[in-house]
Amino acid sequence: MNEQKPTGQAIEVRGLVKRYNKEVLALDGVDLSIPANTIYALLGPNGAGKTTSISILTTLLEPTSGTAKVLGLDVVKQAGEVRGRIGVTFQEMVLDDELTGKQVLDYHGRLYGQSKAERQAKIEELLALVELEEAAGRQAKTYSGGMKRRLELARALMTTPEVLFLDEPTLGLDPQTRVRIWDHIRALKKDQGMTMLMTTHYMDEAENLADQVGIIDLGKLVAEGTPQALIEQMGADTIHVTGEGDRAGFAERVKALPFVQTVSVGRTVIQIGVDSGSRRLVEVISEAARNGFAVEDISVSKPSLGDVFLKYTGRRLRDTDGPQAPNRMNLMV
Amino acid sequence: MVATYTLWNKHMRKFLANPEEMFGLLIQPILWVVLFGVGMKSMLAAGTPGSGENYVTFMLPGIVALSALGGAVGGGSVWLTERLRGIVKEYLVAPIPRISILLGNATSTLTKSLFQAIIIVIVGVLIGAKLGPNPLGWLGGLALVALFGLGFSGLSLSMASQTDSPGAYHAMIMIFNLPMLFLSNALYPLSTMPTWMKIGSLINPTTYTIDGVRQMMFRDPVALAGGDPLPLWLCWVVVLAFAVLGMWLAHSAFRKSIK
């Protein structure tokens with residue numbers, strides 16, 4: 001049952017700071033306000049502070065300063081109550097893999113105080129949901145990576161949590177399994193009204209699943225919004241240019257062109273948001289020639305959250321997955 | 001506590017599914033009893049008739065203590081593995097009292113140790129050790145071994161909480177293994193030790209465990225030969241204190257490791 005205070009946010013974070021060993025600043029003042037029945041994606045590279053954020057919200061870590069509330073409950077002062085109402089899947093797979101799939105689910109239910117009848121019912125339902133019925137009697141160590149992730153998801157759902165935290169839910173999985181897991185996640189939102197906070201460094205994951213995206217880098221939230229709104233800021237198409245020469249000067253000149261919406265200068269690539277990539281390619285190249293900027297590589301693509309990330313942080317979001325949105329013509333590294 | 005029981009149950013299930021683990025833990029003590037014990041028995045029997053069985057009776061409590069030690073090391077190893085594989089995170093995120101995580105491990109380690117202790121006693125009796133007349137004494141002896149195991153578990157759990165390397169853990173623990181056995185009255189009586197050794201043995205909780213077990217569970221050959229066993233109440237007090245100390249160490253190290 002969803003009991004929330006009148007302020008109504010499922011997850012509420014104010015000024016969250018986490019410092020490890022007095023030196024490493026993992027989180028530098030993060031604010032989050034996530035309503036119920038939302039899928040929120042924290043998008044950022046490794047080391048950005050995503051796992052730290054989830055660890056704090058799931059009561060595994062205490063913040064250095066700031067407050068964090070889940071379902072109106074303080075994660076430090078009311079940790080026990082928070083634990084009873086959330087589910088978590090971790091980035092590294094934390095299955096006790098000498099147990100069978102069924103035992104993993106059963107022990108989880110027991111730890112959360114479920115009766116035997118409840119457990120039996122839930123196990124049956126969830127094994128069907130994640131399509132692991134046949135493998136349920138085998139030891140988890142015989143499962144593939146994708147099966148283990150699905151089992152982890154089933155485990156987190158045993159107690160029908162109101163808020164589900166997913167830390168890199170499709171890390172290292174093949175494309176088919178990723179899509180299946182995405183389908184499960186969408187169904188959870190639609191059929192069970194669940195609130196989900198996930199962290200990811202895959203932009204296609206954020207684009208496909210999230211209602212809201214928070215871009216996090218170096219412990220700070222640098223941008224927030226729906227995927228569409230963030231991408232629309234970039235223009236209809238993005239032209240990516242790499243080359244030698246006066247990059248800053250070139251960028252300035254390009255920005256002044258009438259059809260250019262935004263320009264971001266990264267470490268190796270300059271990305272230019274335009275209204276129509278194929279029409280404007282020639283003009284961008286001529287502009288480069290006029291400025292003594294030697295173009296090494298140039299390509300056009302539909303903008304993505306990775307481009308948004310580059311715009312706000314000046315760096316590329318490393319993308320390690322396989323086949324993506326079919327309208328990308330990405331010719332460069 | 002339901003959570004402690006659940007974790008105990010899980011550990012025991014995995015243990016029973018892995019007979020190799022149990023077998024491995026039993027090898028060392030059984031070798032001591034069967035090879036060393038029989039060897040010594042034969043050697044002594046060649047001198048004075050009857051002194052062979054006396055020696056086996058004499059040394060069996062020490063080997064039982066050794067197996068409890070081995071069990072404790074195993075318990076620490078389980079904890080270390082669970083920490084490194086992230087299984088502990090599942091416990092920490094669950095709405096269970098933090099202490100039941102520690103107790104779940106301690107109780108399952110204890111159960112495994114007692115199980116092994118009983119097997120060692122049976123093997124010893126088969127080789128010729130003489131049990132005492134009072135079954136309550138047998139229970140008392142096992143209880144004492146359990147407390148000793150608890151104390152050592154505390155030590156090993158505390159070390160397992162502080163390192164991330166299985167190699168380092170086992171190295172630290174091995175330092176205790178044989179010295180604990182040799183610097184005690186396990187294999188030879190206190191009365192005949194040089195003073196420095198006697199002092200060392202009297203600081204070693206193993207000595208008190210062994211003496212108590214000898215008196216309660218077996219026909220104590222030392223007493224029968226007119227030697228002076230340690231006061232029984234003292235044995236209980238020392239071993240109890242050791243158990244409390246061990247658990248306290250484990251608890252503090254455990255709390256620090258989950259910050």
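The C-alpha centres of domain 1 and domain 2 of chain A sit 37 Å apart. This is a predicted model, so please hear every value as computed from it. Domain 1 of chain A covers 9-225 and domain 2 covers 233-313, going by the domain assignment.

Where the two domains touch, domain 1 of chain A gives 9 residues and domain 2 of chain A gives 7 residues. Which elements of domain 1 give two or more residues to that side? They are α7 (203-209), β9 (212-217) and β10 (220-225) of chain A. By class, the domain 1 side has 7 nonpolar and 2 charged residues, with no polar ones.

Two of those elements, β9 and β10, bring me to a sheet in chain A. This sheet is open and has 6 strands, in the order β6-β7-β8-β3-β9-β10, and its pairing is mixed. β10 of chain A is an edge strand, as is β6 (86-89) at the other end of the order; each of these pairs on one side only. From one strand to the next, the twist averages 15°.

Inside this sheet, look at strand β3 (residues 39-43) of chain A. β3 runs parallel to β9(A), and 4 bridges join the two. If you want a place to put the cursor, A:Tyr40 stands opposite A:Gln212 in β9(A).

At the β6 end there is a helix. Helix α5 (residues 145-157) of chain A lies across β6 and β7 (163-167) of chain A, and runs at about 165° to β6(A).

Now the other sheet. This one is open with 4 strands, ordered β12-β13-β11-β14 in chain A, and the pairing is antiparallel. Its edge strands are β12 (260-265) and β14 (294-301) of chain A, each paired on one side only. Ignoring direction, neighbouring strands are turned against each other by 20° on average.

How many bridges join β11 to β13 in chain A? There are 5, between β11 (residues 237-244) and β13 (residues 270-274), and the two strands run antiparallel. One pairing to find on the screen is A:Asp237, whose bridge partner in β13(A) is A:Val274.

A helix lies over this sheet too. Helix α11 (residues 305-313) of chain A crosses β11, β12 and β13 of chain A, at about 65° to β12(A).

Next, a helix pair. Helix α3 (residues 101-111) and helix α4 (residues 116-129) of chain A have axes that come within 10 Å and cross at roughly 135°. That angle makes α3(A) oblique to α4(A). The crossing of the two helices is right-handed.

Which residues make the contact? From α3(A) they are A:Lys102, A:Leu105, A:Asp106 and A:Gly109, and from α4(A) they are A:Glu118, A:Arg119, A:Lys122, A:Ile123 and A:Leu126. Sorted by class, this contact of α3(A) with α4(A) has 5 charged, 3 nonpolar and 1 polar residues.

Helix α3 comes up again in my last topic, the contact between chains. Chain A puts in 17 residues and chain B puts in 15 residues. On the chain A side, α2 (79-85) and α3 each supply at least two residues. The side of chain A that touches chain B divides into 7 nonpolar, 5 polar and 5 charged residues.

To put two of these surfaces of chain A next to each other: the side of domain 1 that touches domain 2 has no polar residues, whereas the side of chain A that touches chain B has 5. That is where I will stop.

Key. Residues are numbered from 1 along each chain as its sequence is written. Chains are lettered from A and ligands numbered from 1 in the order in which they are written. This is a predicted model: local features need pLDDT of at least 70, side-chain atom pairs count only at pLDDT 80 or more; totals for chains, interfaces and linings use all residues. Axes are lines fitted to C-alpha atoms, for helices over the stretch in contact, and angles run from 0 to 180 degrees between N-to-C directions. Angles under 35 degrees count as roughly parallel, over 145 as roughly antiparallel, 65 to 115 as roughly perpendicular and the rest as oblique. A crossing is left-handed if the near helix is turned anticlockwise from the far one by less than a right angle, and right-handed if clockwise. Ala, Val, Leu, Ile, Met, Phe, Trp, Tyr, Cys and Pro count as nonpolar, Asp, Glu, Lys and Arg as charged, and the others, Gly among them, as polar. Two strands pair if DSSP finds at least two bridges between them. Domain bounds come from an automatic or database domain assignment.
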